[in-house]
Amino acid sequence: MFCGRHPYKLGINDINAAIPLTAPVMTTYLKAAGYQTAAFVDSKPKGMVGARRGFDRGFDVYKHAPHQASVQSPFVYEMAATVEVAQHWLMQRDVNKPFFLFLHTKSVHGVAEGQGNDPRRFPYDKPEPYRSRYLTVDQAKFIWGGPGEPGAEPYLRYLNKQFAHGTLDPATYSAQRVEALKALYDGGIRYMDQYFGVLMKFLDETGLSQDTIVIVTADHGEGFLEHQFFHHIEVYKQLLHVPLIIRLPRDRMGKVIELPVEIGDVMPTILGFAGLKAPDSIDAIRLPLDSSINRPKRQIFGCYQFGDRGFYDAFSLLEGDWKLLFHKYPKNKTWQADLFNVSSDVDELTPITSKSDRIKAMLKSITMWQGLLSNTQSAISLDPETLNHLRNLGYID
């Protein structure tokens, strides 16, 4: 999103990878154009959006959670705190200069270490009343770890390992517990929505909404056994189809544009809004603000890969109505290719085996795309604390 190129093509295909120094970053262009730049992120310095990975380039201020706010909570990641410190920065900024503000929250994310203190150990946990908002009375009684269960290991990661290695069949997992997990997740979404609304109200009350563009998006969705796993380690629609909302000043009519785009397209879009030219080296193109705009046909690639620190590898290619998944599970140790027609099978549940020529052609495209992996790679050394943090968030085995 910051670089306008797929992470894999930047050489970011390992848990130790960082943004290469040679890669253009959106905020450096904004800062050079006179923008004040600030970021408040729910990450450790070496986390997935940590400053040590190069995400702080071009920022005047780049702060990691926990944020120093008035909010008193046992949770490390608090949308309420993120919004509070963002409001404080907005009030202290130079009003005579334009600004770019990046807010990142894990308030909808699975629990990491140091969050919450309830003995039921909810895999998704938020302050009340959001935690219980969508739980039934029976669902609220579930215990999600403890004596005789996964112990200190995060519950969803524990289950995913069993699914991956074939020691537990996802089809046999309790449907009631799946619904309870969805309810907990929805509570996190409601919590984030609440405080995003607080931020939007602040923009309205201070007059900033009159000339401020707001973009809301996400890095991934969440799986609830629609396929093989919980959490976010697959490349099916449930994980790759994320919200992307743009609010323009004085334009409140609203419209839905159903064209496939990539998250990297945010970079040239923001630079375009700022009257700046995007670098020629990027792959991304500006987001369409009208569905009638003709856009070039493009192949949209996805991947989930953590090498020897993961138990599942997957690549995907979306090409028109067709999507190919090329993935490998440890229980069978071989790569398999699954083709879906996303027009007639929107949830990607029924692979098509009769289109062997299309499978071969798309598989060739994936192989060629993998071969474009950048030789310019930057890496950081991860300390045990950061590794444990990423493990508890479900990113590595």
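**Exercise 1. The cysteines**

Is Cys303 buried, partly exposed or exposed? Work this out on the predicted model, and then explain why a search of the whole structure finds zero disulfides.

Solution. Begin with accessibility: Cys303 has a relative accessible area of 27%, and because buried means under 20% and exposed over 50%, Cys303 counts as partly exposed. Cys3, by contrast, has 6% relative accessibility and is therefore buried. Next, turn to the distance between the sulfurs. The cysteine sulfur closest to that of Cys3 belongs to Cys303 and lies 15 Å away, which is too far for a bond. A disulfide requires two cysteine sulfur atoms within 2.5 Å, and the search of the whole structure accordingly returns zero disulfides.

**Exercise 2. The two sides of helix H7**

Determine whether the end-to-end span of helix H7 agrees with its number of residues, and then describe where its buried and exposed residues lie.

Solution. Start with the length: helix H7 covers residues 356-370, and its 15 residues should span 21 Å at 1.5 Å a residue. The C-alpha atoms at the ends of H7 are 21 Å apart, so the expected and the computed values agree. Now sort the residues by accessibility, which shows that Ile359, Met362, Ser365, Ile366 and Trp369 of H7 are buried. These residues cover an arc of only 125 degrees around the axis, and therefore lie on the same side of H7. The face turned away from that buried side carries Asp357, Lys360, Lys364 and Met368, which are exposed. Finally, ask what the buried residues meet: they pack against strand S9 (300-304), strand S10 (313-319), strand S11 (322-328) and strand S12 (335-341).

**Exercise 3. The sheet around strand S2**

Establish the strand order of the open three-stranded sheet that contains S2, and describe how S2 is paired and covered.

Solution. The order of the strands is S3-S2-S4, with parallel pairing. Strand S3 (61-64) and S4 are the edge strands, since each of them pairs on one side only. Neighbouring strands of this sheet are turned by 5 degrees against each other on average, with direction ignored. Then count the bridges: four join strand S2 (residues 36-41) to S3, and six join S2 to S4. Phe40 can serve as a reference point, standing opposite Lys63 in S3 and opposite Leu103 in S4.

For the covering of S2, note that six of its six residues are buried. Gln36, Ala38 and Phe40 point one way from the strand, whereas Thr37, Ala39 and Val41 point the other way. Helix H2 lies across S2, S3 and S4, and runs at about 170 degrees to S4.

**Exercise 4. A loop residue and its distant partner in sequence**

Locate Asp94, state its exposure, and relate its position to that of Gln36.

Solution. Asp94 belongs to the loop that lies between helix H2 (79-92) and strand S4 (99-104). With a relative accessible area of 31%, Asp94 is partly exposed, while Gln36 in S2 is buried. Although 58 residues separate Asp94 and Gln36 along the chain, their C-alpha atoms are 7.9 Å apart.

Terms used
Residues numbered from 1 in each chain as written. Predicted model: local features only at pLDDT ≥ 70, side-chain atom pairs only at ≥ 80, totals over all residues. Heavy atoms only, no water. Buried < 20%, exposed > 50% of the residue type's maximum accessible area, 1.4 Å probe, protein only. Expected span 1.5 Å × (residues − 1). Arc of directions from axis to C-beta. Contact = heavy atoms within 4.5 Å. Pairing = 2+ DSSP bridges. Axes fitted to C-alpha atoms, helices over the stretch in contact; angles between N-to-C directions.
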